[in-house]
Amino acid sequence: MPHTVEEVMTHDPVTLPEEATVVKAAKLMRDRGIGDVLVVGDGRLRGLVTDRDIVVRAVAEGRDLATTPLATLCTCDVVTVGPDHDVAEAARLMREKDVRQLPVVVDGRPVGVVALADLTLALTPSDARGLTPGLTPGLTPGDAPRLTPDRVSGHAPAPA
């Protein structure tokens with residue numbers, strides 16, 4: 001059974017530079033079937049932009065999507081782990097921060113992403129408790145936190 005994040009993470013995360021436009025991120029998300037992209041500057045993790053960020057922080061505000069850089073709307077205070085982190089610790093962080101994935105970094109540089117789904121086979125039932133109803137046998141929907149799109153990315157929704 002895997003013990004470290006490196007054993008279960010997705011290597012080569014999808015990244016875009018801070019100056020990339022919202023349109024570029026949206027097309028990449030569509031083409032790859034993903035909901036977020038890591039934002040980098042000089043090869044270092046600068047933030048995370050989600051499909052919800054694009055809708056709430058760009059489209060709803062009437063920004064020019066072809067010229068707005070990701071740096072202006074990404075979440076910058078992203079919780080990360082290292083590849084040597086224990087999978088149970090990664091699960092605890094996800095539970096504590098109400099996020100479904102964590103960028104994996106080495107010296108500030110993204111090397112992977114560990115998602116909740118990656119941890120399903122690596123966790124014991126007690127480690128998994130409270131993450132999602134389907135992850136641990138015997139959990140009901142009321143036992144798990146409600147994960148809305150804003151909670152997936154780990155930031156509060158923008159004010160209305």
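**Exercise 1. Helix α3 and its ends**

Identify the residue that follows α3 and state the sign of its phi.

*Solution.* Step 1: Helices (H or I, at least four residues) and strands (E, at least two) are DSSP runs, numbered from the N terminus. Helix α3 covers residues 87–97, and Asp98 follows α3. Step 2: The phi of Asp98 is positive, near 55 degrees. Step 3: At the start of α3, a side-chain oxygen of Asp86 comes to within 2.8 Å of the backbone nitrogen of Ala88. For such a polar contact, the cut-off is a pair of N or O atoms within 3.5 Å; within protein, one must be able to donate a hydrogen and the other to accept it, and residues adjacent in sequence count only if both atoms are side-chain atoms.

The model is predicted: local features need pLDDT of at least 70, side-chain atom pairs count only at pLDDT 80 or more, and totals for chains, interfaces and linings use all residues. Residues are numbered from 1 along each chain as its sequence is written, and side-chain values use heavy atoms, with hydrogens and water left out.

**Exercise 2. The sheet beside α3**

Determine the order of the strands in the open sheet with antiparallel pairing, and find its edge strands.

*Solution.* Step 1: Two strands pair if DSSP finds at least two bridges between them. The three strands of this sheet have the order β1-β6-β5. Step 2: The edge strands are β1 (10–11) and β5 (101–106), each of which pairs on one side only. Step 3: Strand β6 (residues 109–115) runs antiparallel to β5 and is joined to β5 by six bridges; Leu102 has Val114 in β6 as its bridge partner. Step 4: α3 lies across β5 and β6 and runs at about 130 degrees to β5. Axes are lines fitted to C-alpha atoms, for helices over the stretch in contact, and angles run from 0 to 180 degrees between N-to-C directions.

**Exercise 3. The two sides of α1**

List the buried residues of helix α1 and explain why they line one face.

*Solution.* Step 1: Buried means under 20% relative accessible area, exposed over 50%, and partly exposed in between (1.4 Å probe, protein chains only). In α1 (residues 22–32), Val22, Ala25, Leu28 and Met29 are buried. Step 2: Viewed down the axis of α1, these buried residues fall within an arc of 130 degrees, so they line one face of the helix. The arc is that of the directions from the helix axis to the C-beta atoms. Step 3: Arg30 and Asp31 are exposed, on the face of α1 turned away from its buried side. Step 4: The buried residues of α1 pack against β2 (15–17), β3 (36–41), β4 (44–50) and α2 (51–59); contact means heavy atoms within 4.5 Å. Step 5: Just after α1 comes Gly33, with a positive phi of about 65 degrees.

**Exercise 4. The sheet beneath α1**

Describe the pairing in the open sheet β2-β3-β4.

*Solution.* Step 1: The pairing in this sheet of three strands is mixed. β2 and β4 are at the edges with a single partner strand each, so one side of each has no neighbour in the sheet. Step 2: Three bridges join β2 to β3, which run parallel, and Leu16 has Val39 in β3 as its bridge partner. Step 3: β3 and β4 run antiparallel and are joined by six bridges; the bridge partner of Asp36 in β4 is Thr50. Step 4: α1 packs on the sheet and touches β2, β3 and β4, its direction making about 170 degrees with that of β2.

**Exercise 5. Strand β3**

Show how the two faces of β3 are covered.

*Solution.* Step 1: In a regular strand the side chains alternate between the two faces of the sheet. Step 2: On one side Asp36, Leu38 and Val40 are buried, and on the other Val37, Val39 and Gly41 are buried. Step 3: Six of the six residues of β3 are buried, so β3 is largely enclosed by the rest of the structure.

**Exercise 6. Two cysteines**

Decide how many disulfides the structure holds, and compare the burial of Cys74 and Cys76.

*Solution.* Step 1: A disulfide is a pair of cysteine sulfur atoms within 2.5 Å. The structure holds zero disulfides. Step 2: The sulfur of Cys76 is 4.0 Å from the closest cysteine sulfur, in Cys74, which is too far for a bond. Step 3: Cys74 counts as buried at 10% relative accessibility, whereas Cys76 counts as exposed at 53%.
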